[in-house]
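Work through the exercises below with the sequence and the model side by side, and try each task before reading its solution.

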Amino acid sequence: MSSDTDSVPSTNTRNALAMAVLNAIQNPVVMVDEAGLMTFANWEGEAFFGASASHLARYNISTFIPFGSPLLALIDQVRERRAPVNEYRVDLSSPRLGQDKLVDLYVAPVVSEPGSVVIVFQERSMADKIDRQLTHRAAARSVTGLASMLAHEIKNPLSGIRGAAQLLEQSVEDEDRALTRLICDETDRIVSLVDRMEVFSDERPVDRVPVNIHSVLDHVKAVAKAGFARNIKISELYDPSLPAVYANRDQLVQIFLNLVKNAAEAVGDKPEGEIMLTTAYRPGIRLSVAGSREKISLPLEFCVIDNGPGVPADLLPHLFDPFVTTKMNGTGLGLALVAKIIGDHGGIVECDSQNHKTTFRVLMPASKGITLEDANPANFTGPHK
């Protein structure tokens, strides 16, 4: 007969389980002892500081964070009060940690280790991007209602205006026919714009299958090189081990044609202009599904990168909003449509722009259990450099 103690996990087992739990957390977690040494870091913590846990344990935390950072004051405050503290939007950007290191902090005392504190970092960059993505989707829904209204309230009167202009064209003098032709051309242009907006009102479920993203990008590159990007260098950096993306192939082509065309227009005629297409696997990014507790993993990252002049900082947060554009004759619907289509697929799209490098990043769910070899392998040409 076994005793009650037989069912109690050993100390080594409990320690291993605790390590597994901490390493499963998708946020950086570190423990700082009384002397300021980082005596523990989970896997995300190692990635955040760019060093192994054993290396971090030999240095004071002040070595890794910017001089005068409020984090040091928070650590002292927690030690003094022996109570946890939250601090939001703390900037830890530095040459060592990198740019755009805006984080939320949770600092708490470790009761069993006097003077020690545990710090949890929540990086704001992805949280802010997802927040903005939800705003983009709300904006797209507002355009959906506008598109439905325009289709009914504008297209019908326009057809009458065009018909009247055609009747007038038969009875006016030759020198006035240019005016009737102008009326017809402008009504056609408005109808075309409304037709583009009607796409936003299409709420039908997306017909999706496992798709080889590399065959899509190769097709987009071929179309671009045959037309608007014929004089621009387009390079690729693909991860050949990616699983298939669960998506509508035609809509993926539409998305990336739009992004590559935007990149080509940004690069313009500069001799050193270049567009790069990349694919990668980025585990750990999960998006909550509205109305449920389910979270969708978005491990597939597809990027369109250009070395054009970049996006103005004041425009960047609103880039995917409808009717926002920097083009002289643009409608501002292209990127809004991209955001809608990607949102319909359960993914997100974001733009980063700095130092003559603009990156449009698409994160999408994988097709479970399907590899690229299963998804039309004949079209896959392997990794490109």
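The exercises that follow concern a predicted model, and each task is paired with a solution in steps.

**Exercise 1. Work out the strand order of the sheet that contains β1, and find which strands lie at its edges.**

Solution. Begin with the order: five strands form an open sheet that reads β2-β1-β5-β4-β3, and their pairing is antiparallel. Next, look for strands that pair on one side only, which are β2, residues 38-41, and β3, residues 85-91. From one strand to the next, the twist averages 25°. Then take one pair in detail: β3 and strand β4, which spans residues 102-109, run antiparallel and are joined by five bridges, and V90 stands opposite V103 in β4. Finally, add the helix that lies across β1 (29-32), β3, β4 and β5 (117-123), namely α4, residues 70-81, which runs at about 20° to β4.

**Exercise 2. Decide whether V120 is buried, partly exposed or exposed, and find what it touches.**

Solution. First place the residue: V120 belongs to strand β5. Its relative accessibility is 23%, and because buried means under 20% and exposed means over 50%, V120 counts as partly exposed. Leaving aside residues up to four places away in sequence, V120 touches N27, P28, V29, D104, L105 and Y106. As a last step, compare chain and space: V120 and A108 are twelve residues apart along the chain, and their C-alpha atoms are separated by 8.8 Å.

**Exercise 3. Describe helix α9 from its N-terminal end to the residue that follows it, and list its buried residues.**

Solution. Start at the N-terminal end, where N248 caps α9 with a side-chain oxygen that lies 3.1 Å from the backbone nitrogen of D250. The helix itself covers residues 249-267, has 19 residues, and reaches 27 Å from its first C-alpha to its last, close to the 27 Å expected at 1.5 Å a residue. After α9 comes G268, whose phi is positive, near 65°. Now turn to burial: the buried residues of α9 are L252, V253, I255, F256, L259, V260, N262, A263, A264 and V267. When reading such a list, recall that an α-helix has 3.6 residues a turn, so residues three or four places apart point the same way.

**Exercise 4. Reconstruct the sheet that contains β9, and say how α9 is placed on it.**

Solution. The order of this open sheet of five strands is β7-β9-β12-β14-β13, and the pairing is mixed. The edge strands are β7, residues 233-237, and β13, each of which pairs on one side only, while the twist averages 15° from one strand to the next. Within the sheet, β13 and β14 pair in the antiparallel sense over seven bridges, and E350 stands opposite R361 in β14. Helix α9 packs on the sheet, where it touches β9, β12 and β14, and its direction makes about 25° with that of β12.

**Exercise 5. Identify which element gives the most to the largest nonpolar core, and name the residues with the most contacts inside that core.**

Solution. As background, nonpolar side chains tend to be buried together in soluble globular proteins. In this model, the largest nonpolar core has 42 residues, and those with the most contacts inside it are I213, V245, L252, F256, L259, I275 and F302. Several elements each supply at least two residues of this core, including α8 (213-226), β8 (243-247), β12 (300-306) and α10 (334-344). The greatest contribution comes from α9, with nine residues. Apart from this core lies another, of 25 residues, among them M38, I65, L74 and L92.

**Exercise 6. Trace the polar contacts of the T279 side chain, and judge whether T279 is buried or exposed.**

Solution. T279 is found in strand β9, residues 274-281, and it counts as buried because its relative accessibility is 5%. Its side chain makes a polar contact with the side chain of H214, at 2.9 Å. A polar atom of the T279 side chain also lies 2.9 Å from the backbone nitrogen of D239. To complete the picture, and not counting residues up to four places away in sequence, T279 touches I213, H214, L217, L237, Y238, D239, L242, E301 and F302.

Note on methods
Residues are numbered from 1 along each chain as its sequence is written. This is a predicted model: local features need pLDDT of at least 70, side-chain atom pairs count only at pLDDT 80 or more; totals for chains, interfaces and linings use all residues. Side-chain values use heavy atoms; hydrogens and water are left out. Two strands pair if DSSP finds at least two bridges between them. Helices (H or I, at least four residues) and strands (E, at least two) are DSSP runs, numbered from the N terminus. Axes are lines fitted to C-alpha atoms, for helices over the stretch in contact, and angles run from 0 to 180 degrees between N-to-C directions. Contact means heavy atoms within 4.5 Å. The expected span of a helix is 1.5 Å times one less than its number of residues. Buried means under 20% relative accessible area, exposed over 50%, partly exposed in between (1.4 Å probe, protein chains only). A polar contact is a pair of N or O atoms within 3.5 Å; within protein, one must be able to donate a hydrogen and the other to accept it, and residues adjacent in sequence count only if both atoms are side-chain atoms. A nonpolar core is a set of buried Ala, Val, Leu, Ile, Met, Phe, Trp, Tyr and Cys residues joined through side-chain atoms within 4.5 Å.
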